[in-house]
Amino acid sequence: MTRLDCPFCGARELEEFRFHKTLAEPGTNACDDVYLRVNRLTMSREHWQHAKGCRAWLIVRRNPSDGTVLDVRLAASSDALAHNKDSRHDPS
Ligand SMILES: [Zn+2]
């Protein structure tokens with residue numbers, strides 16, 4: 001995997017993107033999302049940001065054993081909001 005296909009910018013070099021975290025499978029509960037890390041050899045769902053481009057948050061499905069990118073899509077607005085809420089600094 002040397003390039004990712006941003007939905008807005010097209011295929012760009014991997015160095016433009018920033019990995020955030022591996023995501024749990026859809027439909028899992030909040031406990032599984034926090035405590036169960038799913039590391040399968042054939043498919044991984046990951047949260048990435050096009051940090052040196054349009055700054056869009058992306059969901060990347062890829063095969064970690066050979067690096068093949070299966071799918072790149074824009075993260076749902078609720079996913080992006082959840083990330084912003086988690087990363088916001090609370091001054092109190
Ligand atoms: Zn982009």
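Guide: Welcome! Let me start with a rule: a residue is buried if 20 or more other C-beta atoms lie within 10 Å of its own, exposed if 12 or fewer, and partly exposed in between, with C-beta atoms placed from the backbone. Helices (H or I, at least four residues) and strands (E, at least two) are DSSP runs, numbered from the N terminus. The structure is a predicted model, in which local features need pLDDT of at least 70 and side-chain atom pairs count only at pLDDT 80 or more, while totals for chains, interfaces and linings use all residues. Residues are numbered from 1 along each chain as its sequence is written.

Visitor: What makes β6 hardly covered?

Guide: The count of buried residues among the 7 residues of β6 is 0. In the chain as a whole, buried residues make up 10% of the 92 residues.

Visitor: Which pattern do the elements follow along the sequence?

Guide: The chain has 2 helices and 6 strands, and they follow one another as β-β-β-α-β-β-β-α.

Visitor: How do you know which strands of the sheet are edge strands?

Guide: Two strands pair if DSSP finds at least two bridges between them. The open sheet has 4 strands in the order β3-β4-β5-β6, with antiparallel pairing. β3 (18-23) and β6 (68-74) each pair on one side only, and that makes them the edge strands. Neighbouring strands of this sheet are turned by 30 degrees against each other on average, direction ignored; the axes are lines fitted to C-alpha atoms, for helices over the stretch in contact, and angles run from 0 to 180 degrees between N-to-C directions.

Visitor: How many bridges join β3 and β4?

Guide: β3 and β4 pair in the antiparallel sense over 5 bridges; at least two are required, so they count as paired. Phe19 has Trp48 of β4 as its bridge partner, and Thr22 stands opposite Glu46, also in β4.

Visitor: What about the rest of the sheet?

Guide: β4 and β5 pair antiparallel over 6 bridges, with Leu58 in β5 as a bridge partner of Trp48. β5 and β6 run antiparallel too, joined by 6 bridges, and Arg62 has Val69 of β6 as its bridge partner. These two strands form a hairpin with 4 residues between them, and Gly67 in the turn has a positive phi of about 85 degrees.

Visitor: Why is a group of residues called a nonpolar core?

Guide: The name is for a set of buried Ala, Val, Leu, Ile, Met, Phe, Trp, Tyr and Cys residues joined through C-beta atoms within 7 Å. The largest one here has 7 residues: Leu4, Phe17, Trp48, Trp57, Leu58, Val60 and Ala75. β5 gives the largest share, 3 residues. In soluble globular proteins, nonpolar side chains tend to be buried together.

Visitor: Which residues does Phe17 contact beyond its neighbours within four places in sequence?

Guide: Two residues are in contact if their C-beta atoms, placed from the backbone, lie within 7 Å. By that rule Phe17 touches Leu4, Trp48, Gln49, His50 and Ala51.

Visitor: Why is Gly53 called partly exposed?

Guide: Gly53 has 16 other C-beta atoms within 10 Å; that is over the 12 allowed for exposed and under the 20 needed for buried, so Gly53 is partly exposed. Gly53 sits in the loop between β4 (44-49) and β5 (57-63). Not counting residues up to four places away, Gly53 touches Cys6, Cys9, Arg12 and Glu16.

Visitor: Why does Lys52 count as exposed?

Guide: Lys52, in the loop between β4 and β5, has 12 C-beta neighbours inside 10 Å; the limit is 12 or fewer, so Lys52 is exposed. The C-alpha atoms of Lys52 and Glu16 are separated by 4.8 Å, with the residues 36 apart along the chain. Arg55 lies in the loop between β4 and β5 and, with 10 such neighbours, is exposed. Phi of Arg55 is near 65 degrees, a positive value in a residue other than glycine.

Visitor: Which element has the lowest mean pLDDT?

Guide: pLDDT is the predictor's confidence in each residue, from 0 to 100. Helix α2 (residues 77-87) has the lowest mean, 49, while strand β2 (residues 10-13) has the highest, 96. Over residues 87-92 the pLDDT is below 50, and this stretch has 0 contacts beyond near neighbours in sequence. Where pLDDT is low, the predicted coordinates should not be read in detail. The chain averages 81, and 76% of the residues score at least 70.
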